[in-house]
Amino acid sequence: MNPAPLSGLYAPSLALVTDLYQLTMAYGYWQQGMQDRQAVFHLYFRRAPFQGGYAVAAGLALAVNWLENFRFSAEDLDYLAGLRGSKGTPLFPREFLDYLRDLKFTCDIDAIAEGTVVFGNEPLIRVQGPLLQAQLLETALLTLVNFQTLIATKAARIREAAGPTDQVLEFGLRRAQGFDGGLGASRAAYLGGVDATSNVLAGQRYGIPVRGTHAHSWVQAFGDEEKAFAAYAQAFPDDSVFLVDTYDTLEGVRHAISVARRMRADGHELGGIRLDSGDLAYLSREARALLDEAGFPNTRIVASNDLEENLILSLKSQGARIDTWGVGTQLVTAYNQAALGGVYKLAALRKADDSDWDFTLKLSEQLVKTSIPGILQVRRYLTEYGKPRADMLYNTAEPLPENLTLVDPADYTRRRAVRPEAQYKELLEPIFRNGRRVLELPTLPESRAHAQREVQSLDPSIRRFLNPHTYPVGLELTLHDYRDQLILEKRPLRPA
Ligand SMILES: Nc1ncnc2c1ncn2[C@@H]1O[C@H](COP(=O)(O)OP(=O)(O)OP(=O)(O)O)[C@@H](O)[C@H]1O
Ligand SMILES: O=P(O)(O)OC[C@H]1O[C@H](OP(=O)(O)OP(=O)(O)O)[C@H](O)[C@@H]1O
Ligand SMILES: O=C(O)c1cccnc1
């Protein structure tokens, strides 16, 4: 189960998941007769989130699902017909709305597979097609890819801290940014590396394994911890994890052990205990000792309480004996970085007489924020062991020189020569041609497995949380020179 069916939580048509200005620009292009000029847009972010060294690309399957359902329904058009400008006249004439009604999606889309590690300035999605259509895709593509990539990256960091063998459970729904935030976060968190979610709707929609323990209310409802545990064990004799901190954590562990003994006499094993407050390092060590002494070395210790990657690392360094991490708020809200600042920029436009491309850029006072012109591809060079070594952005509309040089877009004096024999792969792959999907997308578990291999293939210096190394992403020299020339042409010469 991969793309979300566009039903239930959503309206049947989602073309109105956009900003008004996309539609006003679309109308303007149509009025000017520019609607079918071929255009190229790139979707990319400038800096990896969480001050980290990488991001995990995510959201493509949701974007594909949205694109395959892209159409303006009768209700959408009725609504747009009712919009008025400040003088009270209709914003959009009927002829334009008829045009939207008959609009067929015909773009070519290339994208980087979900789960791939990506870096600043790299197009995750490249859209080539009629200007009006390509413009209309901006907002929804950004909404989907920014959030999914943000949360998948956070999950990958939490997975990194927990290590390959601990279990990581996502418990965030109650603290998420609404139903849709919770659903999307559960998907992205699974893709990024958590093992399961407590979010049942995400389980149903995406096939993510669902897991859980019980709340304090369960214990409170019985008033007596042992009775509460025994009752839970009666309901789920082979699937019980007892929350032991309602009154006194270590007393709670003793009560759990006493119930676990009775369960064993009946042929069942206690799955685990959960700690949700207090000093998790100390309490988990003490709990482990009590469980081991009592003959329950395989009973798992789950911890929760505002956990995130740095806290997990700290708990591990304190010798915590936690083997299952329940992570909610910090993961699904990407607590320390509210959003990924991905952008969608026009990079090429056919000339009015269709004779050639004009490559376009958006200037900025800061060079790093100036966009990159061209019809870009991302080429990833690999070490002899197949690990990422450096990425090159190049313009596919121009011939590549024989000797390739990468130029750091933030500092043109930093360059690397590409060895001619270096192995590489092209990251942007065709997803749509002329509006038709040409690639079977991987399933969500396949993308998740890909993400884990990808993150592990990065050098630890790039994966670390504190001051990670910058992975080299360079512009191919002729692209760099061309961009520089365009910047100089466009930048006004100010008086000294
Ligand atoms: N050994 C530890 N080292 C660092 N941080 C810890 C340690 N143990 C717990 N924490 C974290 O400290 C924060 C505060 O936990 P603590 O249980 O003291 O307060 P609390 O959440 O207010 O407790 P309660 O749920 O009882 O109100 C949580 O994020 C928790 O995960
Ligand atoms: O801390 P988070 O990372 O967000 O993980 C989710 C939290 O949600 C629950 O607490 P809550 O107080 O809502 O309910 P409970 O403790 O009674 O289950 C759970 O016990 C976790 O502490
Ligand atoms: O199952 C759990 O333990 C759980 C679920 C949601 C939030 N906190 C904990």
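Which residue stands opposite Tyr 44 in β12? The answer is Val 343, and that pair makes a good doorway into the structure. Before going further, please keep in mind that this is a predicted model, in which local features need pLDDT of at least 70, side-chain atom pairs count only at pLDDT 80 or more, and totals for chains, interfaces and linings use all residues. Residues are numbered from 1 along each chain as its sequence is written, while chains are lettered from A and ligands numbered from 1 in the order in which they are written.

Tyr 44 and Val 343 face each other where strand β1 (residues 38–44) and strand β12 (residues 343–350) pair in the antiparallel sense over six bridges. Strands here are DSSP runs of E with at least two residues, helices are runs of H or I with at least four, and both are numbered from the N terminus. Two strands count as paired if DSSP finds at least two bridges between them. The β1 and β12 strands belong to an open sheet of seven strands with antiparallel pairing, in the order β13-β12-β1-β5-β3-β19-β20. At its edges are β13 (357–359) and β20 (436–437), each of which pairs on one side only.

Now step back to the whole chain. An automatic or database domain assignment divides it into domain 1 (6–151 + 338–490) and domain 2 (213–313). The C-alpha centres of these two domains lie 47 Å apart. UniProt, in an unreviewed entry, places the feature "domain: Nicotinate phosphoribosyltransferase N-terminal" at residues 16–146. Such annotations are given in the numbering used here, with feature names shortened, and may be inferred rather than shown by experiment. In the model, the span 16–146 is 40% helix and 16% strand, and its end C-alpha atoms lie 18 Å apart.

Next, follow β6 (residues 167–170), which pairs with β11 in the parallel sense over four bridges. Gln 167 has Thr 324 as its bridge partner in β11. Strand β6 also runs parallel to β7 (residues 196–197), joined by two bridges, and here Glu 170 stands opposite Thr 197.

Helix α7 (residues 178–192) has 15 residues, which at 1.5 Å a residue should span 21 Å, and its end C-alpha atoms are indeed 21 Å apart; the expected span is 1.5 Å times one less than the number of residues. Eleven of the 15 residues are buried, so α7 is largely enclosed by the rest of the structure. Buried means that 20 or more other C-beta atoms lie within 10 Å of a residue's own, exposed means 12 or fewer, and partly exposed is in between, with C-beta atoms placed from the backbone. Among the buried residues are Leu 183, Arg 187 and Tyr 190. After α7 comes Gly 193, with a positive phi near 135°.

Finally, look at the ligands. Around ligand 2 there are 15 residues, of which Phe 171, Ala 215, His 216, Gly 328 and Thr 329 come nearest; a residue is near a molecule if its C-beta atom, placed from the backbone, lies within 6 Å of it. Both β11 (324–327) and α14 (329–332) give two or more residues to this shell. The residues around ligand 3 include Phe 171, Arg 274 and Gly 328.
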